[in-house]
Amino acid sequence: MTQTTSLTAQSEALFARARRVTPGGVNSPVRAFKSVGGTPRFIREAHGAYLTDADGTRYIDYIGSWGPMILGHDHPAVREAVSDALQLGTSFGAPGEREVELAELVTRLTGAGKVRFTSSGTEATMSALRLARGFTGRKLIVKFRGNYHGHADGLLVEAGSGLMTNLDGALGTSAPSSAGVPEEYAALTLVSEYNDPAALDTLMAERGAEVAAVIFEPVVGNAGVLVPTPEFLAALHRVQDAGALLVADEVMTGFRLSINGATGLLGLRPDLTCWGKIIGGGLPVGAYGGRADVMDFVSPQGPVYQAGTLSGNPLAMAAGLATLRTLEADPGIYARLDAYTSRLADGLKALAQEAGVPVSVNQIGSMLTPFFQDAPHGSLRSYADAARSDTRAFGTWFQGLLARGVYWAPSQFESIFVSASHTDTELAATLEAVRAAFTDLNA
Ligand code: PLP
């Protein structure tokens with residue numbers, strides 16, 4: 001399992017070529033390894049719990065394409081479903097049966113009245129908020145610091161994920177979080193603190209009558225894992241009393257924390273929910289749905305326009321259907337994912353302590369982040385808490401894991417994602433690498 005970082009000639013060559021023709025050499029920023037340094041691995045293939053890069057090096061994968069691959073890569077049920085669909089054509093631009101089947105399955109599993117498919121999570125959140133504005137006739141959106149909802153202009157305000165670290169790994173603090181977002185757009189997005197019920201109550205008391213929607217990550221993955229308190233969840237539901245729509249962004253947590261998502265696990269009652277990642281089983285799919293009276297405002301039924309050339313694509317629907325059906329057919333799958341991730345969390349805690357490295361682990365189900373800072377495990381609750389982490393120590397630790405064949409998320413402010421393909425073998429190898437990577441920090 002032990003490999004050295006010198007075995008990256010092909011990735012380096014590809015990265016050099018890529019930088020000449022693509023900004024930063026990647027098609028999504030976090031892939032460039034800016035906050036951890038080193039050469040991003042160009043991936044050739046992926047099977048089960050493993051990635052193989054262009055140099056032929058195998059890694060135990062803890063990213064799972066940033067969430068979709070909950071069954072592991074190249075799962076036979078998904079491969080067969082996509083391959084069957086492929087024989088019948090790749091895109092129709094007209095409705096087909098698979099879209100109906102997936103919509104029926106998603107509404108049954110989530111309790112949503114109606115659902116509309118898009119091609120990404122960003123399109124789902126962007127469309128859900130347009131719908132909320134169209135339905136309520138109000139303009140303002142409330143989001144939480146460090147929550148990421150994709151890259152639509154109005155949502156790139158105090159956003160988490162890749163926006164939390166800039167080139168040298170320091171924290172980004174500006175609002176809007178991106179150049180190119182007019183301040184006038186950003187002004188329509190109000191920002192509150194995650195897990196701070198009093199701050200949300202105060203904001204809603206002052207501006208509630210103007211608020212179309214409050215959008216939130218039910219469990220945050222994009223500032224590293226942050227778990228909500230019951231008091232915060234209660235405050236979220238109070239926004240509905242002010243006539244604002246509660247929009248759960250389950251792009252990351254949907255079908256991951258339970259077959260009914262975080263909504264089922266935490267007993268949420270959102271008006272609208274957004275999905276992505278797992279719902280497409282590794283192909284490009286997003287969706288939004290919820291109350292039928294609200295969804296009926298979407299075109300062509302209602303006045304809120306939203307469309308997509310490839311929405312409901314037959315290959316993507318096939319992958320989503322196969323993934324959700326496989327998850328639903330295996331009642332023990334979430335308990336197994338949780339057991340693996342809990343053992344990984346326990347190992348991280350013990351090995352960090354053994355090495356004298358301050359680490360605070362947050363874990364729920366198959367999502368986990370080790371924050372490199374001195375705080376009790378499970379105690380970090382907010383963006384400000386996460387931001388206190390030592391990103392340089394994390395970067396060194398990340399490189400230590402990568403050199404030993406473990407592909408962790410290349411940022412302190414991300415969750416890892418465990419898949420059903422991870423077994424005792426991968427756990428043992430991972431913990432061996434974790435032990436050595438902690439030791440590197442003391443070298
Ligand atoms: N919402 C959340 C919670 C996410 O984690 C992401 C992506 O990571 C998005 C929205 C955007 O989804 P996509 O990258 O498919 O546009």
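In this predicted model, Trp66 sits in the loop that runs between strand 3 (58–61) and helix 2 (76–86). The backbone of Trp66 has a phi near 70 degrees, which is a positive value in a residue other than glycine. Such a value deserves a second look, because most residues other than glycine have a negative phi. Trp66 counts as buried because 21 other C-beta atoms lie within 10 Å, and the cut-off for being buried is 20 or more.

The loop between strand 3 and helix 2 also holds Asp74, and the phi of Asp74 is near 55 degrees, again a positive value in a residue other than glycine. Is Asp74 buried or partly exposed? With 15 C-beta neighbours inside 10 Å, Asp74 counts as partly exposed, whereas Trp66 is buried.

From Trp66 we can step across to Lys277, since Lys277 touches Trp66, Gly67, Pro68, Gly121, Val251 and Met252, leaving aside residues up to four places away in sequence. Lys277 is found in the loop between strand 9 (272–275) and strand 10 (286–290), and it is buried, with 27 other C-beta atoms within 10 Å. An unreviewed UniProt entry places the feature "modified residue: N6-(pyridoxal phosphate)lysine" at Lys277.

The model also contains a ligand, and the residues around this ligand can be described as a shell. How many residues surround the ligand? There are 16, and the closest are Ser120, Gly121, Thr122, Gly150 and Val251. Two of these names, Gly121 and Val251, have already appeared among the residues that Lys277 touches. Helix 4 (residues 121–136) gives the most to the shell, with three residues. Sorted by class, the shell has ten polar, four nonpolar and two charged residues.

Seen as a whole, the protein is divided into domain 1 (9–62 + 332–442) and domain 2 (76–329), and domain 1 is thus written as two stretches of the chain. The C-alpha centres of domain 1 and domain 2 lie 25 Å apart, and the contact takes 29 residues from domain 1 and 25 residues from domain 2. On the side of domain 1 that touches domain 2, the elements that give two or more residues are helix 11 (333–355), strand 11 (360–364), strand 12 (367–371), helix 12 (383–387) and helix 13 (391–403). The largest share of that side, four residues, comes from strand 12. By class, the side of domain 1 that touches domain 2 has 13 nonpolar, twelve polar and four charged residues.

One of the elements just listed, helix 12, is the place of Asp385. Although Asp385 belongs to the charged class, it counts as buried, with 21 C-beta neighbours inside 10 Å. Asp385 and Leu226 are 159 residues apart in sequence, yet they are 9.5 Å apart in space, C-alpha to C-alpha.

We now turn to the nonpolar interior. In soluble globular proteins, nonpolar side chains tend to be buried together. The largest nonpolar core here has 117 residues, and those with the most contacts inside it are Ala132, Ala213, Val214, Leu245 and Val247. Helix 10 gives the most to this core, with nine residues. Where does the core lie with respect to the domains? Domain 1 and domain 2 both give residues to this core, so it lies between them. Ala132 offers a view of the packing, for it touches Ala212, Ala213, Leu245, Val247 and Leu272, not counting residues up to four places away in sequence.

A further feature of the backbone is found at Pro300, in the loop between helix 9 (292–295) and helix 10 (314–329). The peptide bond from Ser299 to Pro300 is cis, with omega near 5 degrees. This bond is worth noticing because most peptide bonds are trans.

Ser299 leads finally to Ser91, whose C-alpha atom is separated from that of Ser299 by 21 Å, the two residues being 208 residues apart along the chain. Ser91 is found in the loop between helix 2 and helix 3 (97–110), and it is partly exposed, with 13 other C-beta atoms within 10 Å. Residues up to four places away in sequence aside, Ser91 touches Leu310, Asn313 and Pro314.

How values were computed: Residues numbered from 1 in each chain as written. Predicted model: local features only at pLDDT ≥ 70, side-chain atom pairs only at ≥ 80, totals over all residues. Near = placed C-beta within 6 Å. Buried ≥ 20, exposed ≤ 12 C-beta atoms within 10 Å, placed from the backbone. Core = buried A, V, L, I, M, F, W, Y, C linked by C-beta atoms within 7 Å. Domains from an automatic or database assignment. Contact = placed C-beta atoms within 7 Å. UniProt positions renumbered as here; feature names shortened; annotations may be inferred.
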